[in-house]
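Trainee: I am new to this structure and should like to understand the terms used for it. May I ask about them one by one?

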Amino acid sequence: MTAGVDLGAPQTQAIRSDDDVVRVRQLVRTVAVATKLSLVDQTKLVTAASELARNTLIHGGGGTADVAGVDDGRRRGVRIVFTDSGPGIPDLDLALTDGYTTGGGLGLGLSGARRLVDDFDIVTAVDEGTRITVTKWSR
Amino acid sequence: MALSAEESGWLARLLTKNAEQLIRRWTELVASSLRGRLSHAELARQVQELHRSMIGAVENGLTDLDSEQGGELRAVLAELSRGRARQGFSASETAISVFALKDVLLELMEEDQNAGNLRDFVAFSALIDQMGLFTFESFVRTRESLIADQAEQLLELSTPVVKIWEGVVAVPLVGTLDSARAQVVMERLLQTLVDTGSPYAIIDITGVPAVDTQVAQHILKTVVAARLMGADCIISGIRPQIAQTIVALGIEFGDIATKASLADALRHVLRLTGVDNARRHQRRES
């Protein structure tokens, strides 16, 4: 699980349409720039956020993204929490396998997003929903 | 119905009798709400026009803004809100130009006890409310048409396919590549390939801020479609941070040629077609 103190209140963005995925991306980029992540880390985090937001929309039937700057005493980072109350993920290991897809995509979204961030935590229950928490730390 | 015939006549008298004072006070109130973002002369002209068309309307026995007698007044209001919407004023800043008249009238009535009673004022107030709502609606309509125009312009502007060499076309992608735009890009590219008979296409993603799996999939599909038509695609504009992200995501571009810049991609194509060598030979010979 991720550690660290929140810097300021998290900003919440609802995810209900394709446009909201773009808004999540812009919000994450703004916070990442404010947290002084490097350009590579910004791009990685924004891409991961884009994947997870789209998963929230397509598989979770919509939800929210909470974006906040965090500080663990040594370094600063950005934490994003994606929450939906969709059908959940029945087989997590399978869902995290490269190339496995149920939505007609490349099957790299969830597994790829995990490789793009530093901390990745997923809580899911069938028919209850999914909550994914990711954090990217500055180096 | 907002006004009775009697009230309408009373209103006409009030508007005409105190015309000068009314216009001055009205302009002042509107000017203070707009904080000098519109020139005083322009504002005074608008208020005078509004005042004139109101007098015209109530003298013709206007009882309701939607009635026939309100035609000219509606046109003036619509013109006013269109102007404000295009100049970037907010909806309340536009509507206040109309609502300010209430304050002016109230002041007039307080000064002159014979000017009218509360009942008249309430009836008149209802007419101003109607006018305000009408202004608001025209404002929103103008804004909506502006937004629709811009969205259309943006879609056109965002997907040019340019011929950069004999037999080479390039698609510079800028911004977010969603499904709708990806479809437009693919259609334009394939059509241009047919029209120009080009065997090579360069897809430049310098202007794409983040390449996620959806964007990559759209690009891959476009490349495959172009290949089916016998054209070779090169992807250019892959910046360092995008390259690292693509690797971490695990996206594979397979045997598709990728280059860091558009210039590299063009050089690559020219080398493949032998144009480069031919020109060098020419230069040596001459």
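Trainee: In this predicted model, what makes β3 (residues 76-84) and β5 (residues 129-137) of chain A a strand pair?

Mentor: Two strands pair if DSSP finds at least two bridges between them. β3(A) and β5(A) are joined by 8 bridges and run antiparallel, so they satisfy that condition. Within this pairing, Gly77(A) stands opposite Trp137(A).

Trainee: How do you know that strand β4 (residues 119-125) of chain A also pairs with β5(A)?

Mentor: The count of bridges between β4(A) and β5(A) is 7, and the two run antiparallel. As at least two bridges are required, β4(A) and β5(A) are paired. Thr124(A), for instance, has Thr130(A) opposite in β5(A). The two strands form a hairpin with 3 residues between them. In the turn, Asp127(A) has a positive phi of about 70°.

Trainee: Turning to chain B, which strands stand at the edges of its sheet, and why?

Mentor: The sheet is open, has 5 strands in the order β1-β2-β3-β4-β5 (chain B), and is mixed in its pairing. β1 (162-165) and β5 (257-258) of chain B each have a single partner strand, so one side of each lacks a neighbour in the sheet.

Trainee: What makes β2 (residues 168-174) and β3 (residues 200-207) of chain B partners in that sheet?

Mentor: They share 6 bridges, in the parallel sense, where at least two are needed. Pro172(B) has Asp204(B) in β3(B) as its bridge partner. Asp204(B) also stands opposite Ser236(B) in β4(B); β3(B) and β4(B) run parallel and are joined by 5 bridges.

Trainee: Why is β4(B) described as mostly covered?

Mentor: A residue is buried if 20 or more other C-beta atoms lie within 10 Å of its own. In β4(B), 4 of the 5 residues are buried, so the description applies to that strand. For chain B as a whole, 31% of the 286 residues count as buried.

Trainee: Which helix lies across β1, β2 and β3 of chain B, and how is it directed?

Mentor: That helix is α7 (residues 179-196) of chain B, which runs at about 165° to β2(B). Helix α10 (residues 262-273) of chain B packs on the sheet as well, touching β1, β2, β3, β4 (232-236) and β5 of chain B. The direction of α10(B) makes about 155° with that of β4(B).

Trainee: Why are helices α2 and α5 of chain B called oblique to each other?

Mentor: α2 (residues 19-34) and α5 (residues 91-111) of chain B pack at an angle of about 140°, with their axes 9 Å apart. An angle over 145 would count as roughly antiparallel, and 65 to 115 as roughly perpendicular. The angle of α2(B) and α5(B) falls in neither range, and they are therefore oblique. Their crossing is right-handed. Residues making the contact include Leu22(B) and Trp26(B) of α2(B), and Ile96(B) and Leu101(B) of α5(B). By class, the residues of this contact are 10 nonpolar, 2 polar and 4 charged.

Trainee: How many residues bring chain B into contact with chain A?

Mentor: 18 residues of chain B are in contact with 21 residues of chain A. α8 (213-228) and α9 (240-249) of chain B each supply at least two residues of the side that touches chain A. α9(B) gives the most, with 7 residues. That side of chain B has 8 nonpolar, 8 polar and 2 charged residues.

Note on methods. Residues are numbered from 1 along each chain as its sequence is written. Chains are lettered from A and ligands numbered from 1 in the order in which they are written. This is a predicted model: local features need pLDDT of at least 70, side-chain atom pairs count only at pLDDT 80 or more; totals for chains, interfaces and linings use all residues. Two residues are in contact if their C-beta atoms, placed from the backbone, lie within 7 Å. Ala, Val, Leu, Ile, Met, Phe, Trp, Tyr, Cys and Pro count as nonpolar, Asp, Glu, Lys and Arg as charged, and the others, Gly among them, as polar. A residue is buried if 20 or more other C-beta atoms lie within 10 Å of its own, exposed if 12 or fewer, and partly exposed in between; C-beta atoms are placed from the backbone. Axes are lines fitted to C-alpha atoms, for helices over the stretch in contact, and angles run from 0 to 180 degrees between N-to-C directions. Angles under 35 degrees count as roughly parallel, over 145 as roughly antiparallel, 65 to 115 as roughly perpendicular and the rest as oblique. A crossing is left-handed if the near helix is turned anticlockwise from the far one by less than a right angle, and right-handed if clockwise.
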